[in-house]
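Some notes on the model follow, as numbered points. They deal with cysteines, aromatic rings and the main pocket.

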Amino acid sequence: MRYCFGVDVGGTTVKMGLFSTEGDILDKWEIPTRTENEGEAVLPDTAESVLQKMKEKGIASVDVEGVGIGIPAPVTAEGIVKDSANVGWKYKEVKRELEELLGGIKVRAGNDANVAALGEMWLGAGKGEKNLIMVTLGTGVGGGIVIGGQMLVGENGAGGEIGHLCVKRDEEESCGCGLRGCLEQYASATGIARLAKLRLAKNDDETILRGTNPDAKAVFDAVKAGDAVAIQIAEEFGVYLGEAMANLAVVINPAVIVIGGGVSRAGDVLLPFIEKPFQKKAFFANRETRFVLAALGSDAGICGAARLILE
C-alpha cells in the first residue's frame, strides 16, 4: 500500500490524517498549534508527529507519496508563506523546511480554504467534479476554487478570496480587510447577525427575534419556524451571496458550488435563498450549476491537503 498525509494547520490545533493513495482515511489525530516565538515550533512539531505515526504504523519513507499541508494564509505555488497571523509566521518556506524536517519526503502546501475545496472535490460534496467553487461561511467568508481538478492559487497565493468581492458600493462601514462592501460583511455569520440588527432597528414588525441579540443560527432557526422578518433577513443574505456567485460563475463556470462553514449547519433550508438570486443573475451557460452543502466538515482540510500530493 502507498500512503500520504494531510495536515491542516489552525490557530489552535494542527489536524492530521493518514491516507491511502486511493482516498481511504486510515487514521486522524491532532496536536496543539504552538504559536509562540513566531510559530517556530509548528513545523518541527508537525514533522515529529508524522514521523511518529509512520513508526507506529510501520510505514517506511519509500512508501509515502508525500505530506500535503493547508495553512491559514496565502501560499505561493513554491510553498512560501509571507505572513500568517494565526500561526505567527512572518516569512516561512514551508515546503523546503518541512521536507528537510521529514528527511526528504515530498511536501506540498496550500491555502487552507483552497485546500478544503480540493478535499470536497475529492471525497466530499463535489466528488466526481473537476470544476467547483467552495464558499465557507463562518466568522468571515472563505473561498476555494478548483479548475480542472487543480486549485486556483494565483500570483502570490491569494487566489479564491471570495469574501472580499465587492457586492455593495455604497457601504459606509469597513470590512476587516479595510475595504467596504465586501461579501463577508453580509454573508458571514457575523454579517448575517449584522443584517438582522439593522433590519430589527429599521421597523417594528413582530418577530421572535425581537428583544434578542440574534446570531446567524437564531435567524435560520426563526426561518424554519416561518418567521416573516427572519425570512426577509435570509432573503437579503441570499441576494448578496447568490448574485456574487453568479458573477463569479461567469469566470469559473463551475459544475457545483459547495456551501460550508458554521452557517451551513442550518441545513438545506439555506440553499433556496442563494439559488433563487443566482438563477436570476446567472449567465445562461451557468444555470445548471448545482448548490450543495459541504459533506466533510472539519475533515475537508486534511482530505484536501492529502489530495495536494496526488494531483
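**Notes on the predicted model**

1. Cys303 is buried, at 1% relative accessibility. Its closest cysteine sulfur is that of Cys4, 9.8 Å away, which is too far for a bond. The model is a predicted one, and this distance should be read as such.

2. Cys4 is buried as well, with a relative accessible area of 0%. Seen from Cys4, the closest cysteine sulfur is in Cys303, again at 9.8 Å and too far for a bond. A disulfide would need the two sulfur atoms within 2.5 Å, so this pair does not qualify. The structure as a whole holds zero disulfides.

3. Turning to the aromatic side chains, the count of aromatic pairs is seven. One of them joins Phe19 and Trp122, with 6.0 Å from centre to centre and 35° between the planes, a tilted arrangement. Phe19 belongs to strand β2 (residues 13–20) and Trp122 to helix α4 (residues 112–123). The two residues are 103 residues apart, and the pair thereby links distant parts of the chain. Both Phe19 and Trp122 are buried.

4. Phe283 and Phe284 also form a tilted pair, with 4.5 Å between centres and 55° between planes. Which side of the exposure cut-offs does each ring's residue fall on? Phe283 has 42% relative accessibility and counts as partly exposed, because that class lies between 20% and 50%. Phe284, with a relative accessible area of 58%, is exposed, because the value is over 50%.

5. Phe220, Phe237 and Phe273 form one aromatic cluster. A charge over a ring is found at Trp29: Lys53 lies over the face of Trp29, at 4.5 Å from the ring centre.

6. The largest pocket holds about 1200 Å³ of space. It is lined by 40 residues, and those closest to its centre are Pro72, Asp112, Ala113, Thr136 and Gly142. By type, the lining divides into 22 polar, 11 nonpolar and seven charged residues.

7. Which elements supply at least two residues each to the lining of the largest pocket? They are the strands β1 (3–9), β2, β8 (132–137) and β9 (141–147), together with the helices α4 and α10 (300–310). Helix α4 gives the most, with four residues. Two of these elements appear in point 3 too: β2 holds Phe19 and α4 holds Trp122.

Conventions:
Residues are numbered from 1 along each chain as its sequence is written. This is a predicted model: local features need pLDDT of at least 70, side-chain atom pairs count only at pLDDT 80 or more; totals for chains, interfaces and linings use all residues. Side-chain values use heavy atoms; hydrogens and water are left out. Rings of Phe, Tyr and Trp (its six-membered ring) pair if their centres lie within 6.5 Å; planes under 30 degrees apart count as stacked, over 60 as edge-to-face and the rest as tilted. Buried means under 20% relative accessible area, exposed over 50%, partly exposed in between (1.4 Å probe, protein chains only). A charge sits over a ring if NZ of Lys or CZ of Arg is within 6 Å of the ring centre and within 35 degrees of the ring normal. On a 1 Å grid over the protein atoms alone, a cavity is a set of points where a 1.4 Å probe fits but cannot get out, and a pocket is an open set with protein on both sides within 12 Å along at least five of seven lines; lining residues have an atom within 4 Å of a point. Grid points are joined across faces, edges and corners, and a volume is the space filled by probe spheres set on the points. Ala, Val, Leu, Ile, Met, Phe, Trp, Tyr, Cys and Pro count as nonpolar, Asp, Glu, Lys and Arg as charged, and the others, Gly among them, as polar.
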